[in-house]
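Trainee: I've got a structure open and some labels I'd like to understand. Can we go through why each one applies?
Mentor: Sure, pull it up and ask away.

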Amino acid sequence: MQPSRRIRPRRVAALASVTVLTLAVSTSAGSGHLAPGTTTAGPISLARSSSYGPCMISGSPAVQMSEGLPTPGGYSRSTGTVRALTLMVDFSDAPGSGSAVDRFREFFPQTQNWFRTSSYGRLDYRPETPIPGWLRMPKSFRAYGIERGAPFDPGYRQLVQDIVAVADPRVDFRSYDFLNVLVTPNAGPSALDTVLSVTFAGNTEAPVADGVPVANASFVYSRQDDGSGSYEQTGYRVLPHENGHVFGLPDLYTQEGGGAVGHWDIMSEDWGANNDLLGWHKWKLGWLDAAQVNCATAPGTTEYSLTPLARAGGTKLVFVPLDRRTGYAVELRTREGNDEAVCRPGILVYKVDADVDTGRGPVTVYDSQRDSGGCTRSPNVHAELSDAPLVAGEEFLDTRRGVRISVVGTGAGAEDAALVGAETGAGADEEAEGEGDAGAGGSGAGEYRVRVTRGLG
Ligand SMILES: [Zn+2]
């Protein structure tokens with residue numbers, strides 16, 4: 001009966017061409033580590049007294065899993081070398097078919113590559129499988145009573161205790177930062193009906209193994225196969241989503257689905273074409289230096305140059321704080337790196353509210369082309385928001401808060417990128433790679449110039 005350990009049932013997403021259910025639950029409660037000596041995720045080294053202080057928004061303590069900075073203790077480290085104890089488990093009523101190593105290969109090496117790309121090499125993710133075969137649980141799958149939205153007690157507590165008991169002779173749990181449990185895909189319903197995949201993060205009351213609580217654990221079930229034929233390329237993406245919780249990131253979809261953020265962050269949508277994280281999340285995870293983030297507090301108009309978020313180096317994020325809990329984030333999204341589904345490259349503007357909990361819509365993307373239907377027909381990508389970014393000549397205006405964000409120009413390469421985006425339009429998702437590399441002008445190839453005005457009228 002811990003009121004602080006709530007479970008958030010995940011949304012139902014009705015998408016353009018294929019309707020899927022995606023479920024995950026994240027919990028968060030206090031601090032605790034699977035491995036001793038791990039430190040807090042995110043850029044905690046940024047002192048609140050620094051010039052970034054006003055941008056380090058935070059929510060009230062009642063928020064379970066917040067967008068606020070810094071990320072509280074209890075989650076796994078998100079920079080440096082991180083060891084993910086990865087176990088494949090099966091049950092007497094759902095015996096693993098095929099080899100457990102094949103199950104592992106559904107997620108690796110793609111998951112570690114995904115994190116390497118997204119983090120610009122700052123997260124060195126090491127999946128380790130000290131037990132390469134199926135780990136048979138002592139109870140039937142049915143006996144654990146695991147279903148969509150199941151809380152940690154009693155089923156998951158029992159499952160984690162059993163995993164610890166069965167694995168302990170061959171595993172030193174102190175050697176790892178968090179736990180991945182890859183469940184045999186024949187246990188439980190098809191992901192097309194109900195997605196059971198879930199993460200329990202920052203769980204101080206988790207069972208203890210080798211003296212450390214199993215505080216951060218991701219469980220993956222079934223196969224997120226939408227039938228589009230892309231499972232081999234993109235089916236792994238549920239794991240980076242679940243591990244996002246292990247690093248302290250909240251869910252961005254709501255009970256209404258992915259309409260708040262669309263495909264602009266893997267914590268919003270993890271089916272379908274690959275996509276990256278928001279710049280805000282990269283800052284939160286410690287993947288951006290302070291110098292790559294501009295905190296726009298000055299009254300009047302200030303101009304900034306942004307480089308594509310998917311590319312290493314350069315300025316990535318402008319944050320316009322509104323108060324201690326909220327602000328607007330501004331970043332440049334182009335089709336490269338993990339961002340495969342971008343069909344209208346440009347400046348993405350979104351509101352971050354640190355006082356809104358996981359699954360309740362802590363981030364809202366501003367749609368520059370409202371009710372357009374979007375520019376992608378890629379399956380499982382929330383289409384309406386796919387053309388959300390602003391291009392040169394467009395602006396975002398919040399008259400109430402006196403904030404204007406306008407895109408005033410681009411570098412030579414970026415103009416190419418914008419042009420390609422306009423031309424690809426609906427359906428064409430194949431081309432447009434590496435745009436923005438040509439033409440190293442004085443303003444920097446691929447850069448967008450953005451003007452932020454505070455204190456309007
Ligand atoms: Zn989730």
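Trainee: What makes D153 and P154 of α4 exposed rather than buried?
Mentor: A residue is exposed if 12 or fewer other C-beta atoms lie within 10 Å of its own. This is a predicted model, and in it D153 and P154 count as exposed, on the other side of α4 from its buried residues.

Trainee: Which residues of α4 are buried, then?
Mentor: In α4, which covers residues 152–167, they are F152, Y156, L159, V160 and I163. Buried takes 20 or more other C-beta atoms within 10 Å.

Trainee: How do you know that they sit on the same side of α4?
Mentor: Look at the directions from the helix axis to the C-beta atoms. They cover an arc of only 100°, so they are on the same side of α4. As for the spacing, an α-helix has 3.6 residues a turn, so residues three or four places apart point the same way.

Trainee: And what makes the buried residues of α2 line one face?
Mentor: Helix α2 runs over residues 110–118, with T111, W114, F115 and S118 buried. Down the axis of α2 they fall within an arc of 95°, so they line one face of the helix. What covers them includes β5 (123–128) and α6 (238–246). Just after α2, Y120 has a positive phi of about 55°.

Trainee: Why are β13 and β18 called edge strands?
Mentor: The sheet is open, with four strands in the order β13-β20-β19-β18 and antiparallel pairing. β13 (300–306) and β18 (395–398) each pair on one side only, and that's what earns them the name. From one strand to the next, the twist averages 20°.

Trainee: How do you know that β13 and β20 really pair?
Mentor: Pairing needs at least two bridges. Seven bridges join β13 to β20 (residues 448–454), with the strands antiparallel, so the pair qualifies under the at least two rule. One of the partnerships is G300 with R454 in β20.

Trainee: How far should I trust the model, and where is pLDDT under 50?
Mentor: The protein chain averages a pLDDT of 85, and 82% of the residues score at least 70. Over residues 1–49, though, pLDDT stays under 50, even with 161 contacts beyond four places in sequence there. Residues 413–443 are also below 50, with 60 contacts beyond near neighbours in sequence.

Key:
Residues are numbered from 1 along each chain as its sequence is written. This is a predicted model: local features need pLDDT of at least 70, side-chain atom pairs count only at pLDDT 80 or more; totals for chains, interfaces and linings use all residues. pLDDT is the predictor's confidence in each residue, from 0 to 100. Two residues are in contact if their C-beta atoms, placed from the backbone, lie within 7 Å. Helices (H or I, at least four residues) and strands (E, at least two) are DSSP runs, numbered from the N terminus. Axes are lines fitted to C-alpha atoms, for helices over the stretch in contact, and angles run from 0 to 180 degrees between N-to-C directions.
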